[in-house]
Amino acid sequence: MPRKKIEKLINKNGVRIDGRKLDELRPMKIEVGVLGNADGSAYIQQGKTKVLAAVYGPHEVHPRHLALPDRAVLRCRYHMAPFSVEERKSPAPSRREMEISKVIREALDPAVFVEYYPRTSVDIFTEVLQADGGTRCASLTAASLALADAGIPMRDLVVACAAGKVEGLLVLDLSDPEDKVGEADVPVAFMANLNAITLLQMDGMLTIDEFEQVVNLALQGCKQIYALQKEALKSKYVVVKEEVKE
Amino acid sequence: MTTSVIAARVKQKQIAQLISRGKRLDGRGLTDYRETQLEAGVIERAEGSARVRLGKTEVMVGVKIEVGEPFTDIPNEGVLTVNAELVPLASPTFEPGPPDENSIELARVVDRGIRESKAIDLGKLCLVPGKKVFVIFVDVYVLNYDGNLIDASAIASLAALLNTKLFNYEVEDGEVKIKPGYTQLPIKNHPITVTFAKIKDKLIMDPSLEEEQVMDARLTITIEKDGKICAMQKGGQGHFTIQQVMDAVRTAQGKVEELRKIVVGG
């Protein structure tokens, strides 16, 4: 089938189209506490992917019959802005967005001490402002920071990163063109201190050995982002401390 | 705390204790599937259909084919659409209304297995490039819910596709004319889906509803005919270690042939 001819994404020296090495993350910027109204918030920029996350709660559950007697209800909405992609996306939630909202919620749930807040809900909203691959992972990384920023007790930060296979090579943190042309994409979310994988999806085609390598590559990426996450969280509160001193 | 919460905890303890001794409530081993029955071609009006019983879980899949427009970025390929309905008659917990996140996830996991393994030769389903292609609608209809809808739906979908007839046609001046007679829908791979439930650090295959209600997390792995992994999905509120994931992948690889025989035969 004559697909649109795309130039090679990885040259013979193993350098990717955006100049990265195979196991290199895109440049990242993470900020915590970026929104005024939310109880907790975070912004993440991963290459051209830009995501905002906000957390409201724990607060009363609406509608009330959804409340659980022994734990907080975690609710999550992953959503893409209409202008975040090449062709305008309808703002109505798509099936893809609904599935991603579910897997993000299930990836954060094991980290949160939900049993501390029975009969309440914690609402997590993530908005993809610009999409260039890896939006579910960036949303998760930002959402867990927003939870921490909201002061919600957690077992660990959840950090997410994808790895995959492009033009026969295993690569970390796929950009949109790499994801589209690539042979496989494996997003992974991880709680580094607990060695726990809380999100794992895959599409594409990988042998079992390749799959094992790809997951380990993604986990390496997660560990790098984890360090950035902690730094971003600390930097917000260090500033606050200095303000108090004055 | 309501009684239902306490009851669930007692049940989980009991199920977990059994599993730690390698046993399950219904007498199965940890990697045994429930009895699987497959009937193909159950709906004459549909181009393809199948009904699968996995223990008491029952799923029907109907395939309908229409002439439609291709996606603009892949103008020379047919279109595959998978939808799942959790019909209210299948469980007291299913309610009428638009698809909820569970039915969307179910449909998308089944879709991913078929799509990523390239099970349907979509390149052969183009009629007029950029204008007209065959659109394959796979509709998963859950009739009785007793756990592990993903595997039952994936088996039923593959069986229905293998059973699907494509009407003969002729393209004249860009118009598609239907002619008498049928050919088989071109199928070139057989993805098989295996789902594990994790209950207190033990992995079991083909969880029943009782087991699903107490599981910590779920892992679904789809393996194509050459033994490669083509789709995966973690579900549920718990987590896995990398060792558990790799254990699951290797166990799944050993299991898929057994299941593939049920769908594809010998």
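This is a short talk on the contact between chains A and B, one helix of chain A, and the nonpolar core.

Some housekeeping. The model is predicted: local features need pLDDT of at least 70, side-chain atom pairs count only at pLDDT 80 or more, and totals for chains, interfaces and linings use all residues. Residues are numbered from 1 along each chain as its sequence is written, with chains lettered from A and ligands numbered from 1 in the order written.

The interface, then. Chain A puts in 29 residues and chain B 32. Contact means C-beta atoms, placed from the backbone, within 7 Å. On the chain A side, helix 1 (95–108), strand 9 (196–206) and helix 4 (208–245) each give two or more residues. Helices (H or I, at least four residues) and strands (E, at least two) are DSSP runs, numbered from the N terminus. Strand 9 of chain A gives the most, 11 residues.

That strand also pairs across the chains. Four bridges tie strand 9 of chain A to strand 12 of chain B (residues 229–235), antiparallel. Pairing takes at least two DSSP bridges. One partner pair is Asp203(A) with Ala231(B).

Now helix 1 of chain A. Of its 14 residues, 10 are buried, Leu108(A) among them. Buried means 20 or more other C-beta atoms within 10 Å of the residue's own, with C-beta atoms placed from the backbone.

Leu108(A) leads us to the core. The largest nonpolar core has 142 residues, and Leu108(A) and Val140(B) are among those with the most contacts inside it. Such a core is a set of buried Ala, Val, Leu, Ile, Met, Phe, Trp, Tyr and Cys residues joined through C-beta atoms within 7 Å. Helix 3 of chain B (residues 149–162) gives the most to this core, 10 residues.

Definitions and conventions:
Two residues are in contact if their C-beta atoms, placed from the backbone, lie within 7 Å. A residue is buried if 20 or more other C-beta atoms lie within 10 Å of its own, exposed if 12 or fewer, and partly exposed in between; C-beta atoms are placed from the backbone.
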